[in-house]
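Please open the structure in the viewer and keep the selection tool at hand. This tour proceeds stop by stop, stating at each one what to select and what is found there.

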Amino acid sequence: MINNAIHYSGTISSQITLHLTDMLTAAAHANFGKRSDLKKLCSIALELIDNAQRYCRAGGILFDWKVEEGKLVIQLQNIASKEDAIRLKESTDIIKKMSSEEITLAFKAQLMDPEFGEKGGAGLGMLQIARKGVDNIDVNISPFDEENYACNSYVRISLS
């Protein structure tokens, strides 16, 4: 397997997401061969990008997709409101402690939640990622200014 990387730093919009989707799909096909899970790998990255597009408050995003030691490592950084960042961190910490059955049940419950709103559900994107069998998912947050936090989301997926 060829080590490869995709790096994007800049604004996020529907048009940028479309271009990133095309680039991720092409890179996955070119570098991972005829794997049956290429769509799943790309969809995990796109879920992170979609979350950033939904919650990004200031500036743009920093997105990295790379292969290291037999794992696909996806990292996304963005600035979000303090409230959204804390909710993302808390929901991800809970998800990391769940079994796959609990993740599936939580995902279904979140979809049925009447509070499911314009920005989605609390942690729904991370639940969707966790349902796809990632090895490791993590979020780190830190204050950016008085109202905003920097969010760093990481996902690692075994390619073996």
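The stops below begin with pairs of helices and then turn to individual residues; the model is a predicted one.

**Stop 1: helices α1 and α2**

Two packed helices are described by the angle between their axes and the distance between the axes. Please select residues 14-32, which form helix α1, together with residues 38-55, which form helix α2. The two axes come within 10 Å and cross at roughly 155°. Because angles over 145 degrees count as roughly antiparallel, α1 is roughly antiparallel to α2. The crossing of α1 and α2 is right-handed.

**Stop 2: helices α3 and α5**

Next, select helix α3, residues 82-96, and add helix α5, residues 124-131. How are α3 and α5 oriented to each other, roughly parallel or roughly antiparallel? Their axes come within 9 Å and cross at roughly 30°. Since angles under 35 degrees count as roughly parallel, α3 and α5 are roughly parallel to each other. The crossing of α3 and α5 is right-handed.

**Stop 3: two residues of helix α3**

Keep helix α3 on display and select Asp 84, which is found there. Is Asp 84 buried or exposed? Its relative accessibility is 8%, and buried means under 20%, so Asp 84 counts as buried. Now show the side chain of Arg 87 as well: the side chain of Asp 84 makes a polar contact with it, at 3.0 Å.

Glu 83 also lies in helix α3. Glu 83 has a relative accessibility of 59% and therefore counts as exposed. Select Glu 147 in addition: Glu 83 and Glu 147 are 64 residues apart in sequence, while their C-alpha atoms are 8.7 Å apart in space.

**Stop 4: Ile 129 in helix α5**

Move to helix α5 and select Ile 129. Ile 129 has a relative accessible area of 0% and is therefore buried. Then add Ser 43 to the selection. From C-alpha to C-alpha, Ile 129 and Ser 43 are 8.3 Å apart, with 86 residues of separation in sequence.

**Stop 5: Ala 109 in helix α4**

Select residues 100-112, which make up helix α4, and find Ala 109 within this helix. Ala 109 counts as partly exposed, at 48% relative accessibility. Which distance separates Ala 109 from Leu 124 in space? The C-alpha atoms are 9.8 Å apart, and the two residues are 15 apart in sequence.

**Stop 6: a charge over a ring**

Display the side chains of Arg 131 and Phe 107. Arg 131 lies over the face of Phe 107, at 4.2 Å from the ring centre. As for pairs of aromatic rings, the structure holds one.

**Stop 7: the loop between β2 and β3**

Select strands β2 (58-68) and β3 (71-81), then the loop between them, where Glu 69 has its place. The backbone of Glu 69 deserves attention: Glu 69 has a positive phi of about 50°, although it is not a glycine. With a relative accessible area of 82%, Glu 69 is exposed.

**Stop 8: Ser 158 in strand β5**

Finally, select strand β5, residues 148-158, and locate Ser 158 in this strand. Ser 158 is partly exposed, with a relative accessible area of 25%. Add Ala 80, which is 78 residues from Ser 158 along the chain; the C-alpha atoms of these two residues are separated by 29 Å.

Technical notes. Residues numbered from 1 in each chain as written. Predicted model: local features only at pLDDT ≥ 70, side-chain atom pairs only at ≥ 80, totals over all residues. Heavy atoms only, no water. Helix = DSSP H or I, 4+ residues; strand = E, 2+ residues; numbered from the N terminus. Buried < 20%, exposed > 50% of the residue type's maximum accessible area, 1.4 Å probe, protein only. Polar contact = N/O pair within 3.5 Å; in protein donor to acceptor, adjacent residues only side chain to side chain. Phe/Tyr/Trp six-rings, centres within 6.5 Å; stacked < 30°, edge-to-face > 60°. Lys NZ or Arg CZ within 6 Å of the ring centre and 35° of its normal. Axes fitted to C-alpha atoms, helices over the stretch in contact; angles between N-to-C directions. Parallel < 35°, antiparallel > 145°, perpendicular 65-115°, else oblique. Left-handed = near helix turned anticlockwise from the far one by under 90°.
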